[in-house]
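Q: Got a minute to walk me through this one? I'd like the overall picture, then a few residues up close.

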Amino acid sequence: MTSINTFYGSIPIFSVTTILFFCVVFLLYLYGIQKPRDVPPGPNIYFPLLGNIPQLTGKDTMCLFRDWRTKYGDVFSVYLGHQLLVIINGYETIKEALVRRGSEFSERPANYLLDKIKNGEGVIFTSGPSWRKQRKLSLNFLQDLGFGRTSFEQNIKEEVQILLEMVLSTKGNPFDIKKMLRLCVSNVMCGIVFGKRFNHDDMKFLTIIHNFDEDSKALGNASVLMNCFPFLHYLPGDIFNSRMLMSHHEIFLEFFDEIYTAHEATLDRENIRDFMDMYILEMKEGLESGKENSYSKMQLAALVGDLFGAGTETTMTTMLWTILYLVYYPEIQEKCYQELENVIGLDQFPTMANKLELPYIEATIMESLRISNATPFAIPHAVLKDTIFKGKRIPRECSVLINLHSIFHDSRVFYKSEQFQPERFLDVDGKVHRPEEFIPFSTGRRMCLGEKVARMELFIFITAMIQKFRFLPQEGLPPPSLKGDLGITYTPQKFKIRAVPRNT
Ligand code: HEM
């Protein structure tokens, strides 16, 4: 028998392996029985230190969660490292948590990396009174600026016209539309927040856009890993990109600071130009009145970052998916085009006033929001205190994932859910019908605060593109894959398509 030599003599390898094997089994067992029995059920095998991370690594998380939902029910849990993650599935259960018990489920969990970057400021990753104040203020400002009303349309129209010219310049050759969409959608947000747009060759603007793109790819994994193992941040090198994220934040703050200084110097109380003016004014009035308020320049920087982060990636990704599905289903693209041709013709620029007259296009966008589902797990929620939900305890410090994907890909809710069928959102009279379960912007107190502007952008961008171009796969190739990558959003893999002008 093979053996190894030790200080005490020789031990057969066989017994070393056996001892190691039993140690591992014992550790697994120990770790397994340490999971409290009163928390939601979940896979029974836990790896010491890693929890269920090995089972999740390299898998299609959405499929895995679907299987675990079948096995463990609408509320199940997994361990990420030593941290419990509760996943809530299905429309009724999600509604129960976010709406009926919204006051308990509207917190955000602590997150090592994000807390380090955001310093507890802004709206997306904050909780309690500070979040409530910043959210209310943002909603009021956006409302006053005409959020979701026609005054935004001019802003959007300007960007769409630039996009159409860029697409035209590709002359029917294969191209990557993502970069163009990103610049234009980001500029819509710049108009709202800074009252200005940037040229597409402005290096500072390009750097910020590029960094946001990199961050959205890195943030998902980095924030989960750093949260479980904060020491990773201090390892040499930057394998998990945490230092890159922090340095991008510094660059963003410099960019913000320049615009802030210019706004402060030219602020005119009688002529408020944008979100930033509104915030600065509110801050100054608070200071002048001597009343305590939580508005500050750093809060504003965090808010602006949040609006960009939450508003650009999601909207652009949904547009990308919509174009991809139109390429995949040319008959649906043609039906959209026919509707447009019949209702507003080919020369008039589409506006929100046309939305009611174009139900098939609206239904196509809704179907894209449903099937592609750019934010399948919303943004992690948390509970105020240990909470009993569906007979199980959800501990205060754990993260709660809202599995929106479990609603949209359930054929009991959306018939033949894996098929792209805009008709599911039309009633017998051909008018748009919005089922209660259609909640791509989530629901309850934390629901997306940019839904109106997102829907406006989606409608105008998509309609104008369908009006001017026929989108096709590359010559001789099948349409690009409908498989996506899950990061902070669920995005299509890199693809190229052709856009052939309709008037040729
Ligand atoms: C198609 C586009 C969009 C989709 C699918 C989308 C979806 C979502 C979802 C699912 C959430 C999480 C809600 C939750 O935690 O339960 C969210 C939050 C948020 N969204 Fe959007 N969103 C979109 C566009 C926008 C835009 C354009 C803006 C900004 C103008 C925006 C700003 C925000 C903010 C600030 C939050 C955090 C709200 C909070 O924590 O209180 N979103 N969004």
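A: Sure, one term to begin with: contact means heavy atoms within 4.5 Å. Of the contacts in the chain with a separation of 6 or more, 70% come from residues 24 or more positions apart. Keep in mind that this is a predicted model, where local features need pLDDT of at least 70, side-chain atom pairs count only at pLDDT 80 or more, and totals for chains, interfaces and linings use all residues. Residues are numbered from 1 along each chain as its sequence is written, and side-chain values use heavy atoms, with hydrogens and water left out.

Q: Okay, how many helices and strands are in the chain?
A: The chain has 17 helices and eleven strands. Both are DSSP runs numbered from the N terminus: helices are H or I with at least four residues, strands are E with at least two.

Q: And what is the radius of gyration of the chain?
A: The chain has 25 Å, which agrees with the value near 23 Å for a compact globule of 504 residues. That radius is taken over C-alpha atoms, and the globule rule is 2.2 Å times the number of residues to the power 0.38. Along the principal axes, the C-alpha atoms fill a box of roughly 90 × 65 × 45 Å.

Q: What share of the residues count as buried?
A: That's 53% of the 504 residues. Buried means under 20% relative accessible area, exposed over 50%, and partly exposed in between, with a 1.4 Å probe and protein chains only.

Q: Now the iron. Which protein residue is the donor to the iron atom of the ligand?
A: Cys448, through SG, is the single donor from the protein, 2.3 Å away. Donors here are N, O and S atoms within 2.8 Å of the metal (3.2 Å for Na, K and Ca); water is not among the atoms, so sites may look incomplete.

Q: Where does Cys448 lie?
A: In the loop between helix H16 (405-408) and helix H17 (451-468). Cys448 counts as partly exposed because its relative accessibility is 35%. The unreviewed UniProt entry also has a "binding site" annotation covering Cys448. UniProt positions are in the numbering used here, feature names are shortened, and annotations may be inferred rather than shown by experiment.

Q: Anything else in that loop?
A: Lys416 lies in the loop between H16 and H17 too. Its phi is near 45°, a positive value in a residue other than glycine. Lys416 is partly exposed, since its relative accessibility is 39%.

Q: Why does a positive phi get a mention?
A: Because most residues other than glycine have a negative phi. Lys390 is another case, with a positive phi of about 50°. Lys390 is in the loop between strand E5 (387-389) and strand E6 (392-394), and at 53% relative accessibility Lys390 counts as exposed.

Q: Switching to H13, how far apart are its end C-alpha atoms?
A: They're 46 Å apart, which agrees with the 46 Å that the 32 residues (297-328) should span at 1.5 Å a residue. The expected span is 1.5 Å times one less than the number of residues.

Q: Is H13 mostly covered or mostly open, and how many of its residues are buried?
A: Mostly covered: 26 of its 32 residues are buried. One residue in H13 is Thr315, which counts as buried because its relative accessibility is 4%.

Q: What does Thr315 touch?
A: Not counting residues up to four places away in sequence, Thr315 touches Val185, Ala454, Glu457 and Leu458.
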